[in-house]
Amino acid sequence: MNKNISLDDIKLNDKQTSIFKLIVETYIETGEPVGSKKLVEKCKLNTSSATIRNIMALLETYNLLEKPHISGGRVPSTLGLQYYAKYLIYDPKKYFNQKLEDLLAKRRIKVDATLDEAASIVSKMANFTVVATTNNASELLKSIQLTLLNDISAIVVLVTSTGRVESKMFNYDNKEIQLNDLKIAIRLFKERLIDVPLIELSEKANALMPLFAQQVKNYELVMQQFIKKVFVFEEETKTKTYNKGAIILSESISREDIAKVLELIEKHSVWEAIDNSLDEDNNLKLDLSRPNLSIISKKIGYSNDENIKEISVVGPANINYEESFEAINMLEKMIKEKKNEN
């Protein structure tokens, strides 16, 4: 067995590829080591057990298979699962597996269902955890309005590119800040800050000081109020997890590893936590470095109305890769189509 072999070094013929694919899929289905006799019987192969054993031995030299025990069958290695995922399953052009469409139809939910509905259904169907990671770095200001409450206070209403509405209280002393100055300030902000990222509002507003000095009395006091009380936004990364129980209840993942992966998916960017790349052109990563755990993450390369930047699937080592890729692709396409509708 060559431990230093890479995916690019592996060259299998059609027969070897077919047998390897059957071994991995049998392991994924059963979670148990696969022996030559068991494979012949289960898959009804017109091939002898001896031939299967020879192919298994070859696959083991490539470090695609390994034997957990001296006697018994073989299981896919980490390299083997990576090879299977990259060369035998993953197809970036394949979307909307009919099985998933049928499932949504049975639930009386259309393919254009909300992400929450679809992610929840798909994660439970395939018994893995889906993680949607949001980041507000590209959320833009789309509207700013002023509503007076009384002589000393007002509400500034901000509407963002995601449809979020933020109401900010603005207190003022009418001896120092006149109502007309506030109206002028709002007009200038509408002219200069629409389509500016929320997290840049304070900086961009501060750059308008020379303009305010020409048109607004006590402009420094007005700007200070807006920067300190209205344009207060920081970059945030949040995650929404669907079917977390698939991880918590997994018998193949230790309690310690469960705690670690839950901390990862709840507090960090899954994409940024993965070093390995499966498909750089399509922003897809695969991580099999954690014990008995598989993580697949797709970076969403465009803004959307829910600020979703990543879709990830987390499950045991023998996760169904085909369903995982289909789930990610389907959810990504839903996000993209929803964005185009807006």
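This passage walks through the fold of the chain, from its overall make-up to a helix pair, a sheet and a few single residues.

The model is a predicted one, and its chain holds 342 residues, of which 47% are buried. On the secondary-structure side, the tally is 14 helices and 10 strands. Long-range contacts carry a good share here: of the contacts with a separation of 6 or more, 60% are between residues 24 or more positions apart. The accessible surface adds up to about 17,600 Å², and carbon and sulfur atoms take 46% of that.

Start with the helix pair at residues 14-30 (H1) and 36-43 (H2). Two packed helices can be summed up by an angle and a distance between their axes. For H1 and H2, the angle is about 90 degrees and the axes sit 11 Å apart. An angle from 65 to 115 degrees counts as roughly perpendicular, and H1 and H2 are therefore roughly perpendicular to each other. On the H1 side, the contact is made by Ile-19, Leu-22, Ile-23, Thr-26, Glu-29 and Thr-30, while H2 brings in Lys-38, Leu-39, Lys-42 and Cys-43. Sorted by character, the residues of this contact come out as 5 nonpolar, 2 polar and 3 charged.

Helix H1 also holds Gln-16. With a relative accessible area of 14%, Gln-16 is buried, because the cut-off for buried is under 20%. Leaving aside residues up to four places away in sequence, Gln-16 touches Lys-11, Ile-55 and Leu-58.

Next comes a sheet. Strands in a sheet pair through backbone hydrogen bonds, in either a parallel or an antiparallel sense. In this open sheet there are 3 strands in the order S4-S5-S6, and the pairing is antiparallel. S4 and S6 (165-171) stand at the edges with a single partner strand each, so one side of each has no neighbour in the sheet. On average, and with direction ignored, neighbouring strands of the sheet are turned by 20 degrees against each other.

Strand by strand, S4 (residues 141-148) and S5 (residues 153-160) run antiparallel and are joined by 7 bridges. These two strands make a hairpin, with 4 residues between them. Within the S4-S5 pairing, Ile-144 has Leu-158 of S5 as its bridge partner. S5 also pairs with S6 in the antiparallel sense, over 7 bridges, and there Val-157 stands opposite Ser-167 of S6.

Two helices lie across this sheet. Helix H7 (residues 179-193) lies across S4 and S6 and runs at about 170 degrees to S4. Helix H10, for its part, lies across S5 and S6, at about 135 degrees to S6. An angle over 145 degrees counts as roughly antiparallel, whereas one that fits none of the named ranges is oblique.

The backbone has a couple of quirks worth a look. Most residues other than glycine have a negative phi. Asn-127 goes the other way, with a positive phi of about 60 degrees. This asparagine, Asn-127, is found in the loop that links helix H6 (115-126) to strand S3 (129-135). Asn-218 likewise has a positive phi, about 50 degrees, without being a glycine. Its loop is the one between helix H9 (209-215) and helix H10 (219-230). Asn-218 is partly exposed, with a relative accessible area of 43%.

Notes: Residues are numbered from 1 along each chain as its sequence is written. This is a predicted model: local features need pLDDT of at least 70, side-chain atom pairs count only at pLDDT 80 or more; totals for chains, interfaces and linings use all residues. Side-chain values use heavy atoms; hydrogens and water are left out. Axes are lines fitted to C-alpha atoms, for helices over the stretch in contact, and angles run from 0 to 180 degrees between N-to-C directions. Angles under 35 degrees count as roughly parallel, over 145 as roughly antiparallel, 65 to 115 as roughly perpendicular and the rest as oblique. Contact means heavy atoms within 4.5 Å. Ala, Val, Leu, Ile, Met, Phe, Trp, Tyr, Cys and Pro count as nonpolar, Asp, Glu, Lys and Arg as charged, and the others, Gly among them, as polar. Buried means under 20% relative accessible area, exposed over 50%, partly exposed in between (1.4 Å probe, protein chains only). Accessible areas come from the Shrake-Rupley method with a 1.4 Å probe; for residues, only the protein chains shown count as cover. Two strands pair if DSSP finds at least two bridges between them.
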